[in-house]
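Please read the following walk through one protein chain with the sequence and the coordinates at hand. The text moves from a metal site to the core, and then to single elements.

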Amino acid sequence: MMTAFAPAAPSVQHFLAQDYSHYTAADQHVWQLLFDRQMALLPGRASDAFLDGIRRIGFTREAIPDFRQVNPLLQQLTGWELVVVPGIVDDMVFFGLLAEKKFPATTWLRTLEQLDYLEEPDMFHDVFGHLPLLTDAGFADFLQRLGEAAVHHSLRWPGNLELFTRLYWFTAEFGLIQQPDGLRIYGAGLLSSHGEVRFSLGQEPVRLPFTLDGVLETPFEKDKFQDLYFVLDHMEQLPESLAQLQARLLE
Ligand SMILES: [Fe+2]
């Protein structure tokens with residue numbers, strides 16, 4: 001039982017709803033452009049787990065995903081759901097939601113004029129980028145445990161939060177994986193970015209084998225292409241690295 005002095009995990013009590021009738025023909029056109037552009041690029045560049053996930057969740061060029069259809073399917077596949085938030089949420093709140101198998105998503109979509117530059121993630125990032133891997137039982141389980149561990153280890157020692165944020169950043173957002181048939185992307189920040197898909201697999205950035213130490217020692221910057229990516233050999237390294245981090249924090 002929680003004592004009177006134990007800090008409580010932050011939580012979101014009320015979520016918004018996606019107002020589907022709010023989307024205009026122009027929004028649907030932008031979705032179609034983004035979807036077509038990305039799907040032309042991703043075969044041979046995105047991981048099998050992501051491409052399988054796109055098929056499982058049933059995203060198409062024809063329509064902006066409707067959360068009323070996506071959520072029952074996602075619930076059935078892995079027990080996760082999308083919850084609507086107005087924008088970027090605080091890191092502790094974010095991890096608290098992951099622990100509850102809730103993925104926070106915005107519902108606004110960039111305009112034609114903003115196709116390649118955004119100050120904050122829109123639903124093309126949150127939904128197209130993240131949802132497919134949330135249909136993968138192994139990855140979804142990793143993310144839920146990451147959320148739980150981040151909250152557990154950071155409530156009393158807030159300095160630990162940065163460790164979990166880095167692990168999240170270099171995997172779920174910007175992770176690469178070496179598949180038997182080549183180098184592939186599984187991070188949502190890359191998969192939803194037209195420019196960074198090519199950049200991350202090209203000659204310019206540094207790519208290092210994924211290690212927990214490497215990730216924990218590397219600060220990251222938002223709002224620009226990454227200088228450095230970590231490459232998994234296999235997806236099981238994700239839960240292994242999380243268990244390793246938790247064990248260290250208990251020492
Ligand atoms: Fe993201």
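**From the metal site outwards**

H125 is buried, with a relative accessible area of 11%; buried means under 20% relative accessible area, exposed over 50%, and partly exposed in between, with a 1.4 Å probe and protein chains only. The model is a predicted one, in which local features need pLDDT of at least 70 and side-chain atom pairs count only at pLDDT 80 or more, while totals for chains, interfaces and linings use all residues. Residues are numbered from 1 along each chain as its sequence is written, and side-chain values use heavy atoms, with hydrogens and water left out.

H125 belongs to the iron site. The protein donors of the iron ion are H125 (NE2), H130 (NE2) and E173 (OE), at 2.0 to 2.1 Å from it. Donors are N, O and S atoms within 2.8 Å of the metal (3.2 Å for Na, K and Ca); water is not among the atoms, so sites may look incomplete. Along the chain the iron donors have the spacing H-x4-H-x42-E. Distant parts of the chain are linked in this way: H125 is in helix α5 (residues 123-129) and E173 in helix α8 (residues 161-173), 48 residues apart. Helices (H or I, at least four residues) and strands (E, at least two) are DSSP runs numbered from the N terminus. E173 is also buried, with a relative accessible area of 10%.

The largest nonpolar core has 80 residues, and those with the most contacts inside it are F95, L131, L143, L146 and Y168. Such a core is a set of buried Ala, Val, Leu, Ile, Met, Phe, Trp, Tyr and Cys residues joined through side-chain atoms within 4.5 Å. Helix α7 (residues 137-154) gives the most to this core, with eight residues. F95 touches, among others beyond four places in sequence, L146, V151, F164 and Y168; contact means heavy atoms within 4.5 Å.

F95 lies in helix α4, where M92, V93, F94, G96, L97, L98 and A99 are among the buried residues as well. Eight of the nine residues of α4 (residues 91-99) are buried, and these buried residues pack against β1 (81-84), β2 (102-105), α7 and α8. At the start of α4, a side-chain oxygen of D90 comes to within 3.0 Å of the backbone nitrogen of M92. Just after the helix, K101 has a positive phi of about 60 degrees.

F94 of α4 leads to the aromatic pairs, of which the whole structure has 18. Rings of Phe, Tyr and Trp (its six-membered ring) pair if their centres lie within 6.5 Å; planes under 30 degrees apart count as stacked, over 60 as edge-to-face and the rest as tilted. The rings of F94 and F103 are edge-to-face, because their centres are 6.0 Å apart and their planes stand at 80 degrees. F103 counts as buried at 2% relative accessibility, and F94 does at 12%.

The last element is strand β6 (residues 228-232), which is largely enclosed by the rest of the structure because five of its five residues are buried. L228, F230 and L232 point one way from β6, and Y229 and V231 the other way. Strand β3 (residues 176-179) pairs with β6 in the parallel sense over two bridges, and strand β5 (residues 206-209) does so over four bridges. Two strands pair if DSSP finds at least two bridges between them. V231 in β6 is the bridge partner of L176 and also of P209.

Notes: A polar contact is a pair of N or O atoms within 3.5 Å; within protein, one must be able to donate a hydrogen and the other to accept it, and residues adjacent in sequence count only if both atoms are side-chain atoms.
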